[in-house]
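Welcome, and please open your viewer. This short tour tells you what to select at each stop and what you will find there.

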Amino acid sequence: MFGGASLNNGSGVNSLSTESLENDVLMNNLYSTSTDKSNGMSVNSRATYLKTGKSNWKLFKINANVSYSESFSETEWHNITRYFAVQNEIIDDRYQNDESNTLSYSATASATLKLSSLLYLVPSLTSGVTVETIDRLHSLSNDDVIEDLSPNFNRQYSYARPGLSLKRNTQKTQIDFSARIEYLKLLNTLNNTETENNNFLYFIPSFSWRYEYSTGKRLGFNYNSSLNAPSARQLLPVANTINSLQIYSGNSSLIPEYRHNVRFNWLMYDQFSQTSIFASLSGTYTEDKINFSRTILDNFAQEIRLINVKDDYSARGDFDFSTPFRKLGIDLNARLSESWNRGLSYVNETENINTNYSHTLSLYLNNRKKEKWDLMVGGKIQYSDAKYSVQESLNRSYFNTSAYTDLSYTPSEKWYFSFSADITRYDEQSFGEAVNIPILRAEIS
């Protein structure tokens with residue numbers, strides 16, 4: 001039996017000033033100051049039972065998990081909103097308290113059947129329930145509660161997953177094919193009134209293959225599918241008005257995202273030179289992706305609502321090279337990453353295709369002998385290109401660069417010293433002007 005608990009709390013004061021620009025004409029202005037306080041707690045427990053079997057039934061296994069978390073946040077804000085299109089100014093002072101908790105419990109039973117010396121069959125059954133509750137109190141500065149903005153929302157997600165896995169292992173090849181049926185039930189209630197009650201049935205296959213064709217050289221292929229059920233905050237159909245220019249609300253009619261992931265990788269490691277090369281290509285296709293639908297109002301404020309869109313595509317490629325320079329006593333690691341994403345959102349009920357490209361190059365050096373000193377230095381440069389089909393004036397291409405160093409010293413078994421520093425520079429296309437953000441950390445123990 002394993003268990004754990006954690007506590008956290010935090011508070012802060014924030015200020016926000018936003019402006020909307022179109023053809024260099026000032027449209028709207030929001031000046032906002034807010035104070036936030038929050039605390040939370042989480043507890044989890046897990047139990048596992050194993051029993052070896054007789055004859056061809058080799059292993060029986062049962063897992064059980066229980067977890068509980070709760071959080072409480074208080075937000076107080078003062079907004080001055082100017083709508084220049086209608087020459088109107090609104091001042092409001094409000095409070096919003098959110099109390100949320102999540103209870104999850106699940107159990108899995110499986111057995112391993114030996115079909116031959118290399119082939120195994122593993123039937124399994126998983127069942128579980130997750131219950132999330134959000135209790136919100138929204139009031140004016142005079143303590144008058146706004147009932148329409150103070151919901152009590154409950155989301156219950158229950159599921160059953162019968163599955164079957166077939167495994168074949170040899171000295172050089174490992175193959176694993178599994179398939180499961182997932183039956184799930186989503187039940188939402190708002191202020192003790194049922195808003196949605198849906199049942200879903202999915203087929204969830206996966207396949208993995210790994211082949212070591214030579215010493216230190218390996219190929220791998222993976223395919224898996226998965227579900228991502230919407231959270232209670234995504235389902236909550238009540239507006240959040242903290243930002244009066246961007247009013248956000250969830251959607252109780254959301255359905256789960258259904259993801260398909262494919263990945264191919266190649267690894268080469270030379271034990272004599274200690275040089276390694278790793279390359280991978282991956283792609284993801286998501287059905288019923290949860291994304292945003294924006295409505296621009298007459299005063300140019302925005303209402304943002306979550307919806308399911310028909311599809312979302314992403315792809316990524318990585319190339320990693322590392323080798324030692326023994327004469328210099330250092331190791332070098334270089335990585336090149338390429339990523340692409342094509343997503344879909346809506347603006348005033350019009351499809352807005354978002355296409356993002358990212359190119360990242362990083363380089364790190366560290367010392368080989370780490371008896372007392374451990375030093376790493378490096379940097380990264382990233383080029384991003386974002387395009388939008390609805391409003392091409394929002395297209396952006398920008399560079400972000402960062403440098404990093406980490407130094408630690410262990411003079412004896414009792415003492416440890418460390419220092420790290422990194423600085424990230426965001427291009428002017430990211431924030432309207434170039435921004436440098438340095439971070440320093442130090443530790444003595």
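## Stop one: paired strands

Select β16 and β17, which pair in the antiparallel sense over 14 bridges. Strands here are DSSP runs of E with at least two residues, numbered from the N terminus, and two strands pair if DSSP finds at least two bridges between them. Please keep in mind that this is a predicted model, where local features need pLDDT of at least 70, side-chain atom pairs count only at pLDDT 80 or more, and totals for chains, interfaces and linings use all residues. Residues are numbered from 1 along each chain as its sequence is written, and side-chain values use heavy atoms, with hydrogens and water left out.

Now click on V377 and look across to β17: the bridge partner of V377 there is T405. Next, add β15 (residues 350–367), which pairs with β16 in the antiparallel sense over 13 bridges. These two strands, β15 and β16, form a hairpin with 5 residues between them. To see one pair of residues, pick S362, which stands opposite K380 in β16.

Continue on the other side of the list with β18 (residues 417–426), which pairs with β17 in the antiparallel sense over 10 bridges. S408 stands opposite S418 in β18. From β18, go on to β19 (residues 435–444): the two run antiparallel and are joined by 10 bridges. I423 has P438 in β19 as its bridge partner.

## Stop two: a nonpolar patch

Show the surface and select W373, L375, V377, L407, F419 and L440, which form a nonpolar patch with about 540 Å² of accessible area together. Such patches are made of residues with over 30% relative accessible area and no salt bridge, with nonpolar side chains (Val, Leu, Ile, Met, Phe, Trp, Tyr) joined within 5 Å and like charges within 9 Å. A salt bridge is a side-chain nitrogen of Lys or Arg within 4 Å of a carboxyl oxygen of Asp or Glu. The areas come from the Shrake-Rupley method with a 1.4 Å probe, and for residues only the protein chains shown count as cover.

Which strand gives the most to the nonpolar patch? It is β16 (residues 373–388), with 3 residues. L407, another name on your selection, is found in β17 (residues 396–409).

## Stop three: a pocket and a cavity

The second largest pocket has a volume of about 320 Å³. Of the 19 residues that line this pocket, the closest to its centre are S124, S165, S178, R180 and S206. Color β6 as well, as the largest share of the lining, 5 residues, comes from β6.

On a 1 Å grid over the protein atoms alone, a pocket is an open set of points with protein on both sides within 12 Å along at least five of seven lines, a cavity is a set where a 1.4 Å probe fits but cannot get out, and lining residues have an atom within 4 Å of a point. Grid points are joined across faces, edges and corners, and a volume is the space filled by probe spheres set on the points.

For the largest cavity, select its lining: L186, N188, E196, N198, L235, S252 and L254. About 30 Å³ of space lies inside the largest cavity. β7 and β8 each supply at least two residues of its lining.

## Last stop: a loop residue

Finish at D143, in the loop between β5 and β6. D143 is not a glycine, yet its phi is positive, near 75°.

Notes:
Helices (H or I, at least four residues) and strands (E, at least two) are DSSP runs, numbered from the N terminus.
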